[in-house]
Amino acid sequence: MAQAPGGPGLVTRSVLAVGAHPDDIELGCGGALAAHRAAGDAVTMLVVTGGQSGPGATAGRRAEAEAAACSLDCLLIWGNLVDCAVNADAATIALVERALEQTRADVVYVHAPDDSHQDHRAVAAATVSAARHIRRVLHYRSPSTTRFEPSVYVDIAAHLDRKLDALSCHRSQVESSAMVDPEVVAASARHFGAQARVRYAEAFVPGRFVWDLAPLPVLPDDLVGAGDYLMTRAAA
């Protein structure tokens with residue numbers, strides 16, 4: 001864990017958010033990632049495919065995802081797998097394992113496993129395998145999630161605007177999909193907020209969640225202030 005900028009003695013976490021396609025992470029846990037960054041945590045987004053089969057024009061999708069990551073002040077890793085052809089096989093598990101090793105993540109966000117999109121299911125399964133030694137694994141909801149019974153919530157009242165700003169970077173999808181409509185996103189956050197007894201929240205199903213109250217070790221300097229620059233690299 002890390003000595004947070006501007007906070008002597010304050011320790012922070014390293015967070016890895018995994019999504020099958022550009023905009024999946026922002027939809028599912030963009031507010032939580034903004035909250036992590038506000039707390040000084042190092043945050044990395046692993047986007048497994050380029051979203052070539054998604055709605056709208058796909059030529060600028062990579063640049064949109066990079067702009068969204070920059071908006072959230074997060075690092076970005078590309079998995080470079082093929083959209084709609086992801087399998088929960090050894091190669092995909094290894095892809096996530098490499099990202100976990102690179103980031104030294106101790107908190108992982110990923111798709112909920114019950115989902116009608118095959119890529120979401122595969123990425124969830126691969127991440128669960130890769131993160132088998134990680135103490136905090138949280139599943140987020142996608143528009144295609146079929147069953148979702150959350151019990152962990154993150155208050156995003158102070159971060160909803162940043163989530164919406166990040167989603168607006170995905171212009172090719174915002175203009176072509178009602179699922180990314182800002183009003184729908186805000187309404188969902190209000191719904192989960194009511195469940196959590198706050199104004200706006202994101203909701204998660206814990207695959208595993210250990211509340212460790214012991215003092216945290218310190219992250220190496222290269223993982224502190226992760227959002228000071230945008231790093232895009234292939235994890236393969």
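This report covers salt bridges, buried residues and surface residues in a predicted model.

## Salt bridges

The model holds 7 salt bridges. One of them joins Glu-202 and Lys-163, with the closest N and O atoms 2.6 Å apart. Glu-202 sits in strand 9 and Lys-163 in helix 5, so this pair ties together parts 39 residues apart in sequence. Glu-202 is buried, at 4% relative accessible area. Lys-163 is buried too, with a value of 4%.

Another salt bridge pairs Arg-135 with Asp-212, at 3.1 Å from N to O. This pair links distant parts of the chain, 77 residues apart. Arg-135 is in the loop between helix 4 and strand 7 (136–140), and Asp-212 is in the loop between strand 9 and strand 10. Arg-135 is partly exposed, at 46%. Asp-212 is also partly exposed, at 26%.

Glu-66 and Arg-62 form a salt bridge within one helix. Their closest N and O atoms are 3.7 Å apart. Both residues belong to helix 2 (residues 61–71), 4 residues apart, or about one turn of the helix. Glu-66 is partly exposed at 22% relative accessibility. Arg-62 is partly exposed at 39%.

## A buried aspartate without a salt bridge

Asp-115 lies in the loop between strand 6 (107–111) and helix 4 (118–130). Asp-115 is buried but has no salt bridge. The nearest side chain of opposite charge is Arg-121, 5.9 Å away. A salt bridge needs the nitrogen and the carboxyl oxygen within 4 Å, so Asp-115 and Arg-121 do not count as one.

Asp-115 does make a polar contact: its side chain meets that of Ser-144 at 2.7 Å. Beyond its sequence neighbours within four places, the contacts of Asp-115 include His-120, Ser-142, Thr-145 and Thr-146.

## Around Ile-156

Ile-156 is in the loop between strand 8 (152–155) and helix 5 (160–168). Its relative accessible area is 0%, so Ile-156 counts as buried. Leaving out residues up to four places away in sequence, Ile-156 touches both partners of one salt bridge, Lys-163 and Glu-202. Its other contacts include Gly-31, Ala-32, Ala-189 and Tyr-200. The C-alpha atoms of Ile-156 and Ala-34 are 8.2 Å apart, although 122 residues separate them along the chain.

## At the surface

Phe-209, Trp-211 and Leu-213 make a nonpolar surface patch of about 450 Å². Leu-213 lies in the loop between strand 9 (201–209) and strand 10 (232–234). Leu-213 is exposed, at 68% relative accessibility.

Ala-91 is in helix 3 (residues 90–103). Its 53% relative accessibility makes Ala-91 exposed.

Technical notes: Residues are numbered from 1 along each chain as its sequence is written. This is a predicted model: local features need pLDDT of at least 70, side-chain atom pairs count only at pLDDT 80 or more; totals for chains, interfaces and linings use all residues. Side-chain values use heavy atoms; hydrogens and water are left out. Helices (H or I, at least four residues) and strands (E, at least two) are DSSP runs, numbered from the N terminus. Buried means under 20% relative accessible area, exposed over 50%, partly exposed in between (1.4 Å probe, protein chains only). Lys and Arg count as positive and Asp and Glu as negative; His and the chain ends are not counted. A polar contact is a pair of N or O atoms within 3.5 Å; within protein, one must be able to donate a hydrogen and the other to accept it, and residues adjacent in sequence count only if both atoms are side-chain atoms. Contact means heavy atoms within 4.5 Å. Patches are made of residues with over 30% relative accessible area and no salt bridge: like charges are joined within 9 Å, nonpolar side chains (Val, Leu, Ile, Met, Phe, Trp, Tyr) within 5 Å. Accessible areas come from the Shrake-Rupley method with a 1.4 Å probe; for residues, only the protein chains shown count as cover.
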